[in-house]
Amino acid sequence: MRKKIVAGNWKMNTTLPNGLSLASEILKNTDLPKDVVLIIAPPFTHLSDVSKLIKGSNIKLAAQNCAQFDQGAYTGEIAASILKSVGTEYVILGHSERRAYFAETDAVINTKIKLTLANQLKPIVCCGEVLEEREKNIHFDIVAKQLKGMFDGITPNQFSDIIIAYEPVWAIGTGKTASPAQAQEMHAFIRINIEKAYGTELAHNIPILYGGSCKPSNAKELFVNADVDGGLIGGASLVAKDFIDIAKSF
Ligand code: PEP
């Protein structure tokens with residue numbers, strides 16, 4: 001059985017006190033199915049405190065990014081090893097906002113994936129096409145190219161720690177969700193791509209999350225699809241009840 005995962009990307013939201021109270025609210029969930037993994041990704045500055053707060057609970061901690069360098073003179077950057085040292089378990093990589101605003105390429109993301117894995121962190125690797133690419137009907141080619149570039153040189157052994165998030169960029173923060181059929185179609189395509197590169201077992205086991213305006217009202221119809229193993233949630237993860245309701249939608 002593949003893991004069911006709901007991960008909340010808080011992005012650049014919440015002050016530290018607000019973030020701690022959001023995490024505390026989420027912690028109050030007691031009746032989540034045991035097979036659902038709940039992950040929260042607060043801003044870097046909150047990680048250490050949130051890590052202490054959620055210790056021993058069923059909530060796991062993610063960072064939203066990490067540096068493409070191991071350590072040293074890179075002012076303002078946070079290395080994977082630093083994230084690991086404050087209790088982080090997962091790192092979101094290749095988010096479309098990192099690609100669009102910080103010029104991250106598949107090659108940069110590939111370096112970051114290798115650094116997170118080398119530091120025993122699990123990458124949540126994002127892919128997805130922009131609207132123009134979907135309209136031109138080249139979205140499968142785009143996603144295949146992203147996967148190829150991001151996973152270049154990743155061994156099957158390393159691959160078992162990876163989670164993929166399919167996030168059509170046109171659906172992120174827009175209120176416009178991919179239809180369940182569009183999500184399933186792309187998730188199945190991604191799984192077939194992984195199967196070709198890494199074999200049936202790894203392809204079968206890798207969780208593939210959907211991201212893009214997922215909310216309590218549409219989570220069920222997305223998660224019910226055979227290849228949709230959960231969600232990467234932006235806006236709705238900032239409201240504890242919505243986030244929990246999404247996690248109850250399997
Ligand atoms: C995201 O940024 O990963 C995301 C899915 O955002 P939203 O849920 O707000 O569309």
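Select Gly-234 and the ligand to begin: a backbone N or O atom of Gly-234 lies 2.8 Å from an oxygen atom of the ligand, which fits the cut-off for a polar contact, a pair of N or O atoms within 3.5 Å. The model is a predicted one, in which local features need pLDDT of at least 70, side-chain atom pairs count only at pLDDT 80 or more, and totals for chains, interfaces and linings use all residues. Residues are numbered from 1 along each chain as its sequence is written, and side-chain values use heavy atoms, with hydrogens and water left out.

Add Gly-235 next, where a backbone N or O atom is likewise 2.8 Å from a ligand oxygen, and then His-95, whose side chain places an N or O atom 2.7 Å from an oxygen atom of the ligand. Taken alone, the ligand exposes 290 Å², and the protein buries 95% of that (accessible areas by the Shrake-Rupley method with a 1.4 Å probe).

Now show the 14 residues around the ligand, of which Lys-11, His-95, Glu-167, Gly-173 and Ser-213 come nearest (near means a heavy atom within 4 Å).

Finally, select Phe-159 and Tyr-198, a stacked aromatic pair with 4.1 Å centre to centre and 20 degrees between the planes (ring centres within 6.5 Å make a pair, and planes under 30 degrees apart count as stacked, over 60 as edge-to-face and the rest as tilted). Because Phe-159 lies in helix H8 (residues 156-159) and Tyr-198 in helix H9 (residues 180-198), the pair ties together parts 39 residues apart in sequence.

Note on methods. A polar contact is a pair of N or O atoms within 3.5 Å; within protein, one must be able to donate a hydrogen and the other to accept it, and residues adjacent in sequence count only if both atoms are side-chain atoms. Rings of Phe, Tyr and Trp (its six-membered ring) pair if their centres lie within 6.5 Å; planes under 30 degrees apart count as stacked, over 60 as edge-to-face and the rest as tilted. Helices (H or I, at least four residues) and strands (E, at least two) are DSSP runs, numbered from the N terminus.
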